[in-house]
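Got your viewer open? Load the model, show the cartoon and any ligand, and keep the selection box handy.

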Amino acid sequence: MRFDVITLFPAQFKALTQEGVVARALRRGIAEIHLRTPRDYTADPQRAVDDRPYGGGPGMVMQYAPLRAALDAARADAAAAGVSSRVAYLSPQGAPVDQAKIVEIASASGWVLLAGRYEGVDERLIEDAVDEEWSIGDYVLSGGELAAMVVMDAAIRLLPGVLGHADSAGQDSYASGLLDCPHYTRPETAAGRGVPSVLLSGDHAAIERWRLQQALGRTWERRPELLRKRGMNDVERQLLDDYRREALRSGSRAGSKPSEQ
Ligand code: 4HQ
């Protein structure tokens, strides 16, 4: 799949493209990331791409013309490569991006991502040239670059052949709609603390049951709204009941979780 990114700070994307899972996917040709800067599309002799907001107030706003030219060039390049891309603008006003949205994003052949700076972009550009507006969370970044990298990282790791079979994306916690279970590795005793005995038992069915139970229990404790949205089957309901009974019996923090009766 192909991403075209419009950004004033292309160097920031080295964090994504130079090492790790995404870098390997790019080297193997499974994904492509093309960067372009609106500064190359301004008519201004100073190469300015921002100006003061109409109505006054602090900060600057990214101007329509250079962004529009950069977006059009990106879409034309993608089209010449046989990729029909939609345009997404990263902003806190956008629709929240969850794992289901990432799966949808990863199923497209291409996206043009607009990473804004300052107070954002001229609203007329959003109306004319942006298909979707996405938010990665309810906080304010100093630019859309990190948000674009978050989305590309989460999407590219889902593409066939990017992850090995063992750590394939199908095993991700959110693929099941639950938080992940706890993980342990050697040594068997660390700072005097052991490992849950079931994980050393060799009983694979019991281990799978325990992991599902931990995932259900932790989701119930930490993100009950995810559990409500997902629902449970009879086996899962029983596993969670047993988890809660044990939490109450042992007096763990989860057992005295104040928000749930
Ligand atoms: N910004 N999710 C402001 C974000 C953001 C977010 C990007 C900061 C756009 C203009 N983007 N610029 N949260 O905070 O996507």
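Here is a short tour of this predicted model, one selection at a time.

**Stop 1: the ligand**

Start by selecting the ligand and the 17 residues around it. Of these, Leu90, Ile136, Gly137, Tyr139 and Leu141 come nearest. What kinds of residues make up this shell: nonpolar, polar or charged? Colour them by type and you'll find ten nonpolar, seven polar and no charged ones.

Now switch on the backbone atoms. A nitrogen atom of the ligand sits 3.0 Å from a polar backbone atom of isoleucine 136. For leucine 141, a polar backbone atom is 2.9 Å from an oxygen atom of the ligand. Serine 91 also belongs in this view, with a backbone N or O atom 3.3 Å from a ligand oxygen. How much of the ligand does the protein bury? On its own the ligand exposes 370 Å², and the protein buries 96% of that.

Next, light up strand E5 (86-96) and strand E7 (132-135), each of which supplies at least two residues of the shell. E5 gives the largest share, four residues.

**Stop 2: valine 87**

Stay on strand E5 and pick valine 87, which lies in that strand. Is valine 87 buried or exposed? Its relative accessibility is 0%, so valine 87 counts as buried. Show what valine 87 touches beyond its neighbours within four places in sequence: Leu71, Arg75, Val112, Ala129, Val130, Asp131 and Glu132. If you like measuring tools, try valine 87 to alanine 74: they are 13 residues apart in sequence, and their C-alpha atoms are 9.7 Å apart in space.

**Stop 3: lysine 101 and a network**

Glu132 from that contact list turns up again here. Select lysine 101 in helix H4 (residues 99-106). Lysine 101 touches Glu132 and Trp134, not counting residues up to four places away in sequence. With a relative accessible area of 15%, lysine 101 is buried, because the cut-off for that word is under 20%. Add Arg86, Glu104 and Glu132 to the selection, and you have the partners that a network of salt bridges links with Lys101.

**Stop 4: aspartate 122**

Jump to the loop between strand E6 (110-114) and helix H5 (123-129), where you'll find aspartate 122. Aspartate 122 is buried too, at 16% relative accessible area. Its side chain makes a polar contact of 2.7 Å with the side chain of arginine 124. Leaving out neighbours within four places in sequence, aspartate 122 is in contact with Val61, Met62 and Tyr64.

**Stop 5: three salt bridges**

How many salt bridges does the structure hold? There are 17, and three pairs are picked out here.

- Select glutamate 145 and arginine 117, whose side chains meet at 2.9 Å, N to O. This pair links distant parts of the chain: glutamate 145 is in helix H6 (residues 145-156), while arginine 117 is in the loop between E6 and H5, 28 residues apart. Both are buried.
- Move to arginine 47 and aspartate 40, with closest N and O atoms 3.0 Å apart. Arginine 47 is partly exposed at 40%, and aspartate 40 is exposed at 51%.
- Finish with glutamate 208 and arginine 211, at 3.7 Å, N to O. They lie three residues apart in helix H7 (residues 204-222), about one turn of the helix. Glutamate 208, at 48% relative accessibility, counts as partly exposed, and arginine 211 is partly exposed at 34%.

Conventions:
Residues are numbered from 1 along each chain as its sequence is written. This is a predicted model: local features need pLDDT of at least 70, side-chain atom pairs count only at pLDDT 80 or more; totals for chains, interfaces and linings use all residues. Side-chain values use heavy atoms; hydrogens and water are left out. A residue is near a molecule or strand if one of its heavy atoms lies within 4 Å of it. A polar contact is a pair of N or O atoms within 3.5 Å; within protein, one must be able to donate a hydrogen and the other to accept it, and residues adjacent in sequence count only if both atoms are side-chain atoms. Accessible areas come from the Shrake-Rupley method with a 1.4 Å probe; for residues, only the protein chains shown count as cover. Ala, Val, Leu, Ile, Met, Phe, Trp, Tyr, Cys and Pro count as nonpolar, Asp, Glu, Lys and Arg as charged, and the others, Gly among them, as polar. Buried means under 20% relative accessible area, exposed over 50%, partly exposed in between (1.4 Å probe, protein chains only). Contact means heavy atoms within 4.5 Å. A salt bridge is a side-chain nitrogen of Lys or Arg within 4 Å of a carboxyl oxygen of Asp or Glu.
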